Amino acid sequence: MTPLLEARGLTKHFPVGRGLLGRGGGVVRAVDDIAFTIEPGRTLGVVGESGCGKTTTAKLVLRLEKPTAGQILFQDQDVAGLEGEGLHFYRKSVQAVFQDPFASLNPRMRVDAIIAEPLVTHERLDGPAVAARVAKLLDVVGLPARSRELFPHEFSGGQRQRIAIARALAISPRLVVLDEPVSALDVSIRAQILNLLRDLQRELGLSYLFIAHDLAAVAHMSHVIAVMYLGRIVEIGEAAQVAMAPQHPYTQALFAAALPAHPDDRRDDVPLFGEVPSPLNPPAGCRFHPRCPKVMPTCSQEEPKLKVSGVRQVACHLY
Amino acid sequence: MSGLLEVSGLSTQYVGARGTRVTRAVDDVSFSLEAGKTLGIVGESGSGKTTLALTLMRLLPPAARIAAGSIRFEGEELLSKSERQMRALRGKRMAMILQDPMASLNPLFTVGDQIAETLRAHEATPRRAAWAKARDLLTSVNIAAPERRVREYPHELSGGMRQRVVGAIAISCGPKLLIADEPTTSLDVTIQAQYLKLLGEIQREHGLALIFITHNLGIVARMCDQVAVMYAGRLVEAGPVRSIFNHPAHPYTRALIESIPKFGDAAERLTAIEGQPPDPSALPPGCAFHPRCPFVVDRCRAEAPPESQVAAQHRTRCWVAAPALAGALKG
C-alpha cells in the first residue's frame, strides 16, 4: 500500500535571539530529521511533552511552516514544490481541527457560513448546493439542523468542536490533522467527540494525524504511535505495542507517568527526574541521556539512530 | 471520631445584578474529611467544584453568598468567623494551591520574598530567618540550587518549578488542610507525576489533609482515599475511592468512569455520555442529570432525589440506582 503522506528527514529549525549586530543567534531544533508515514484510513498518533516538536510537525504537514530540510510527500508528490492547482488540491486534501474551538471559529459568522466557507473557496457550488451540503455535514457531526442560523457563542465547547469538525470535512479531505482536539472539552464530552472521529474515519476512509498529551486517548485512537522528545522521534510503531510494551526508556517513563484508570493500578514510582532541557541547546549524544534511568557511557557521546526492533523502531543504544 | 473538616448542608449562590437571578452553584453539600486523608472532588466545568473550594476558604467574590450550611474546621465554625479571623487562619492552618502558578505568584517579587511574606505575616518570623526557612522549603519541594532560586523571579522558573514554589508557600506555616484546585492541569505528564508524588510525600511527612479539586478521574485514582462527585452544584455520589470505582452507584459516575479511554482496552467505541452539562443558571427540574440519564424514570423529572446510603460510607443521590445497588450488595 502506498502511504497517503510520507515525511523524510523532516527538519525545522527556528533562528532565535539575533542581537543588533546579528550575532549570538542560536537555533531551536524544533523538529530534527524525523520520518514517518500515514497510510490511507489510518491514524498516526504523536505524543511527547511541551517543546518536543509535535505541534511544529503538524504545522509542517499543514504547510503552515516550510521545512528547513527534508520533505513531505503527499501521494508521492513533494508538498514544498506545490503551487497553483497542485497546492489547491493539497489544501483541499489536508484539513485541521485545533484544540480551542473558542478561538478557531469566527464569532461574527453564523454556523452555516463557517461550514460553507471552504466549500465556497474550493468548490464553486451554487447557493442551494451549498445549503444542502451544510445540512448534510451538520447531520454527520450530530448537530440539529437549526444550528445553521446560530452563532458560535450559542454553543457549548463540545458542540463547537463538532462545528470545527464539520468545517474540516466540508471539502472531503483525505487527511485531518487533529491537534489536541478534545483537551479543551469537558470530560463527559470527550468520549462523544472521540467516538465521532472514529465513526467518521470508518465511514469516510479518513487518515488522521492525532496529536495529544492524553496518552490513553492517543493509544485508543491511533494505529501507529510516534513518541517525540526534543525534536526527534525516539520510538515509533504499532500503537498497542508502543503503549503496552514500550522499549525506549523515555516512552517507558512517559507511559508510567500516565494517570491510572483505577485506584488498583496505582504506581508509586516516578522513574523520571528533572525537566525537558531547552531545545535551543539539546544535550550531546542521546538527547534524553541526562534524565535517563538506564544511561550508559556511550549515550552522552553518540546519538542513537532509529533501529528496527521487532515491529517497531527505537532510537536507543540498549537495542 | 470527629473529622478535621465537617461540611454540612452547604449552599452557595450567585445573585444577579438586580437580585433577581439566583444561581445555585453549590447546593446542600455535606462531607467530612479526617486529618491526613485525601478527598477528591470531581466535576466538570460549571459543576460548582471551584465555588465549593472558594466557599471552604471563604474567598468568594462579592456576587456570591453562602446561603446555608456549616463548615467546621478543627471543631470551629468557619462561617461565624470575622474576616480578620479568617485572614489569620488562611495560609496558616488551611492553604490553597491554584491551577495557574503564574497567576498566583507576583511577577515583581522574588521567590524568596513571596515565601518569606507568608512566614512573616503569620509567625512574625524575622526577615533573615524567614529567608533561611524559604531556602529550606525550596529544598523540601525538590528545587535544585535553592540558594540561587530563592533570589530569582517567577519568570525565571519553569512551570513545574513555579508550581513547586506555590506548594512551598502553601506548606510554609504547617497547615492542617491543603486545598489544591486543578494543581497539575498546566503541567506536562512527567512533571505532573513528579508533582503528585511530591504532594504525597509532603502529605505523609506533615500529616496534611488534602482536597483535590479536579476534572480528572486519573488523579483521583492515583491520589485519593475518598471521592465526591459533583454535578450541577450537588454531590451526586460520595464514598471511599475503591467503592466508587468498583461499584459506582450514580449513572453519571458510572458513565464518567466508563468514558475515559483505558490502556489495553481494544473496544472500538468509548461509552459516551450524551448531551451537554446543564447551564448552572437554568438547571432542569428534579434531578439535574435526568436529561442525559439512560435510566430516567418519571420521578427523576419532578423531584430531586435525596441522599441515600448504598454501602458503608458510600452515598448517592439517585431515585433508580441507589435502591437497586443497595439490594444487589446485600444479596
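1. A:P249 is buried in this predicted model. The reason is a count: 24 other C-beta atoms lie within 10 Å of its own, and a residue is called buried when that number is 20 or more. A:P249 belongs to helix α9 of chain A. Leaving aside residues up to four places away in sequence, it touches A:F288, A:C292, A:P293, A:K294 and A:C316. A:L150 makes a contrast: it is 99 residues from A:P249 along the chain, and the two C-alpha atoms are separated by 50 Å.

2. The helix that holds A:P249 also meets the other chain. Two packed helices are described by the angle between their axes and the distance between the axes. For α9 of chain A (residues 249-257) and α8 of chain B (residues 189-206), the axes come within 8 Å and cross at roughly 55°. That angle makes α9(A) oblique to α8(B), because it falls outside the ranges for roughly parallel (under 35 degrees), roughly antiparallel (over 145) and roughly perpendicular (65 to 115). The crossing of α9(A) past α8(B) is left-handed.

3. Which residues make this contact between α9(A) and α8(B)? On the α9(A) side they are A:A253, A:L254 and A:A257, and on the α8(B) side B:V189, B:T190 and B:A193. Sorted by class, the contact of α9(A) with α8(B) has five nonpolar residues, one polar residue and no charged ones.

4. The helix pair should be read alongside the whole interface. Between the two chains, 34 residues of chain A are in contact with 35 residues of chain B. On the chain A side, the elements that give two or more residues are α6 (187-204), α7 (215-221), α8 (239-244) and α9. Of these, α6(A) gives the most, with seven residues. The residues on the side of chain A that touches chain B divide into 19 nonpolar, nine polar and six charged.

5. Next, strand β9 of chain A. Is β9(A) enclosed or open to the outside? Six of its six residues are buried, so β9(A) is largely enclosed by the rest of the structure. In a regular strand the side chains alternate between the two faces of the sheet. In β9(A), A:V224, A:A226 and A:M228 point one way, while A:I225, A:V227 and A:Y229 point the other way, and all are buried.

6. Strands of a sheet pair through backbone hydrogen bonds, either parallel or antiparallel. Strand β9(A) shows both kinds of pairing: β3 of chain A (residues 43-47) runs parallel to it, joined by four bridges, and β10 of chain A (residues 232-238) runs antiparallel to β9 (residues 224-229), joined by six bridges. In the parallel pair, A:V47 has A:V227 of β9(A) as its bridge partner. In the antiparallel pair, A:A226 stands opposite A:I236 in β10(A). The hairpin of β9(A) and β10(A) has two residues between the strands, and A:L230 there takes a positive phi near 45°.

7. Strand β10(A) is also largely enclosed by the rest of the structure, because six of its seven residues are buried. Besides β9(A), β10(A) pairs with β12 of chain A (residues 312-314), in an antiparallel arrangement of three bridges. Here A:E235 stands opposite A:V314 in β12(A).

8. Chain B has an open sheet of four strands, in the order β2-β1-β4-β5, with antiparallel pairing. Its edge strands are β2 (22-33) and β5 (76-77), each of which pairs on one side only. Eight bridges join β1(B), residues 5-15, to β2(B), and B:Y14 stands opposite B:T23 in β2(B). Helix α1 of chain B (residues 49-57) packs on this sheet, touching β1, β2 and β4 (64-73) of chain B. The direction of α1(B) makes about 65° with that of β2(B).

9. Two loop residues deserve a check of their backbone angles. A:Q75 is not a glycine, yet its phi is positive, near 45°. A:Q75 lies between β4 (69-74) and β5 (77-78) of chain A, and it counts as partly exposed because it has 15 C-beta neighbours inside 10 Å. B:A145 likewise has a positive phi, near 50°, without being glycine. B:A145 is in the loop between α5 (127-140) and α6 (146-149) of chain B. With 10 other C-beta atoms within 10 Å, B:A145 is exposed.

Note on methods
Residues are numbered from 1 along each chain as its sequence is written. Chains are lettered from A and ligands numbered from 1 in the order in which they are written. This is a predicted model: local features need pLDDT of at least 70, side-chain atom pairs count only at pLDDT 80 or more; totals for chains, interfaces and linings use all residues. Axes are lines fitted to C-alpha atoms, for helices over the stretch in contact, and angles run from 0 to 180 degrees between N-to-C directions. A crossing is left-handed if the near helix is turned anticlockwise from the far one by less than a right angle, and right-handed if clockwise. Two residues are in contact if their C-beta atoms, placed from the backbone, lie within 7 Å. Ala, Val, Leu, Ile, Met, Phe, Trp, Tyr, Cys and Pro count as nonpolar, Asp, Glu, Lys and Arg as charged, and the others, Gly among them, as polar. A residue is buried if 20 or more other C-beta atoms lie within 10 Å of its own, exposed if 12 or fewer, and partly exposed in between; C-beta atoms are placed from the backbone. Two strands pair if DSSP finds at least two bridges between them.
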